[in-house]
Amino acid sequence: MKKAAIIGMGVISSIHIASIQNNPQITLVGVCDIDDKKKSEAPEGIPFFTDYKEMIRETHPDVVHICLPHYLHFSVAKWAALMGVHVFCEKPMAMNQAEGREFADFEASHPEIHIGICLQNRLNESVVLLKDMIDRGIYGSLTGIRGTVPWHRPKEYYEVQPWRGKWNTAGGGCMINQSVHTLDLLYYLGGEIKELKAVTAQLLDYGIEVEDTVAARLTFSNGAPGLFLATNANYKNEGVQISLQLERGEFLIADNILYRITEDGEKEKLQEDSKMPGTKFYYGASHGKLIDRFYDSIEKNNQNYIHVRDSLMSIRLIDAIQESGRTGKTVKI
Ligand SMILES: NC(=O)c1ccc[n+]([C@@H]2O[C@H](COP(=O)([O-])OP(=O)(O)OC[C@H]3O[C@@H](n4cnc5c(N)ncnc54)[C@H](O)[C@@H]3O)[C@@H](O)[C@H]2O)c1
């Protein structure tokens, strides 16, 4: 049995609580938020703290779940790890590439501590099957890929939690906060990216500091082109899509279903993602799967989870898109 504690009782914490409660090998021993109104959201009987250091000292968790604004991820992860506590940290892994490298170096110098990053979409059944087919080389190598994230965030989204939409607390806008998962999948599935050129924009007049829309043209190491389009300026949240073309096959992930595109352009359904009952439709069940896998890696002392080092490229790509958006130039990766 492993003891878990949660730091940050905002929107995403409910998924962590549900995942912990669904796993009979984990007990929740404490939750924490600086906002003491969040006490009412603590599950019954679970001690609530407003200071995470006090919570860790008093409850001695094996794992802390970091569900905090982005600017706190690394410093809190580091403090917990130095107390000997394993860390399961929400995305993004860092505010920018420089902090990401520091985090990866920290991870490398503390191999006894497991630090997992929550890029859960890698465990979607659709992604697992597609990745396996790519890795087995059945359809040849990549000839093109597209990732699209047409989402909607109302102005209140930024007003209720003012850390969002600001450079020094969120580290960016629609990429680091929303579409980092899709960007992660583009290189996870497509392979090494050589360079990119991008535009970043604010289409919404919300008065936030950061981008709400991006378009990036990617060039993979084998020369294959890619396109990444992400926005928070759509009129509603629509499904993320990834289309991927290999030398001898074409695939589409849309609305959490993997299709093979047949020679006559029809969609043949191959795999549908499972969903976590009682949660928002677009979260899927992969949070729970990744959390189970993380605890299993501690129990069995294996390395089977998404490490800090595995997620560094997502931040490298975001930094490169921001740089290209500022300068109008192609950026080497
Ligand atoms: N993996 C996913 O699909 C996914 C989805 C949504 C959010 N997230 C990530 O989860 C994290 C949290 O996002 P959210 O939307 O839940 O944010 P949120 O603003 O709703 O919640 C953050 C909470 O942290 C609390 N907090 C701030 N400073 C604190 C401190 N020093 N000690 C304790 N508590 C503190 C705030 O009071 C707030 O309740 C972010 O990194 C976000 O990117 C991930």
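## A guided tour, starting at helix H1

Begin by selecting strand E1 (2-7), strand E2 (26-32), strand E4 (63-66) and helix H9 (286-299), since these elements are among what covers the buried residues of helix H1. Then add helix H1 itself, residues 13-22, in which the buried positions are Ser13, Ile15, His16, Ile17, Ser19 and Ile20. Keep in mind throughout that this is a predicted model, and that every value quoted on the tour is computed from it.

**The whole chain**

Zoom out to the full protein, where the secondary structure amounts to 10 helices and 15 strands. The C-alpha trace spans about 60 × 45 × 40 Å along its principal axes. The radius of gyration is 20 Å, which agrees with the value near 20 Å that a compact globule of 333 residues would have. If you colour by burial, 42% of the 333 residues will show as buried. Of the contacts between residues at least 6 apart in sequence, 69% join residues at least 24 apart.

**The ligand shell**

Select the ligand next, together with the 23 residues around it, and label Gly8, Gly10, Val11, Ile12 and Glu90, which come nearest. Colouring this shell by residue class gives 12 nonpolar, 6 polar and 5 charged residues.

**The loop leading to H4**

Move to the loop between strand E5 (86-90) and helix H4, where Pro92 is found. Display the backbone here and check the peptide bond between Lys91 and Pro92, which is cis, with omega at about -5°.

**Helices H4 and H10**

Two packed helices are described by the angle between their axes and the distance between the axes. Select helix H4 (residues 97-109) and helix H10 (residues 308-327), whose axes come within 9 Å and cross at roughly 170°. The crossing angle makes H4 roughly antiparallel to H10. To view the contact itself, show Gln97, Gly100, Arg101, Phe103, Ala104 and Glu107 on the H4 side, and Val308, Arg309, Leu312, Ile315, Arg316 and Asp319 on the H10 side. Sorted by class, the residues of this contact are 5 nonpolar, 2 polar and 5 charged.

While H4 is still on screen, pick Asp105, which lies in this helix. Is Asp105 buried or exposed? Asp105 counts as exposed, because it has 12 C-beta neighbours inside 10 Å, and the cut-off for exposed is 12 or fewer. A distance drawn from the C-alpha of Asp105 to that of Val308 reads 9.1 Å, although the two residues are 203 apart in sequence.

**Two residues with positive phi**

The last stops are in loops, and the backbone torsions are what to inspect. Select His60 in the loop between helix H2 (52-59) and strand E4, the latter being one of the elements that cover the buried residues of H1. Phi of His60 is near 45°, a positive value in a residue other than glycine. With 14 other C-beta atoms within 10 Å, His60 is partly exposed.

Finish at Asp255, in the loop between strand E12 (249-254) and strand E13 (257-261). Asp255 is not a glycine, yet its phi is positive, at about 50°. Its 15 C-beta neighbours inside 10 Å make Asp255 partly exposed.

Conventions. Residues numbered from 1 in each chain as written. Predicted model: local features only at pLDDT ≥ 70, side-chain atom pairs only at ≥ 80, totals over all residues. Helix = DSSP H or I, 4+ residues; strand = E, 2+ residues; numbered from the N terminus. Rg over C-alpha atoms; globule rule 2.2 N^0.38 Å. Buried ≥ 20, exposed ≤ 12 C-beta atoms within 10 Å, placed from the backbone. Contact = placed C-beta atoms within 7 Å. Axes fitted to C-alpha atoms, helices over the stretch in contact; angles between N-to-C directions. Parallel < 35°, antiparallel > 145°, perpendicular 65-115°, else oblique. Nonpolar A, V, L, I, M, F, W, Y, C, P; charged D, E, K, R; others polar. Near = placed C-beta within 6 Å.
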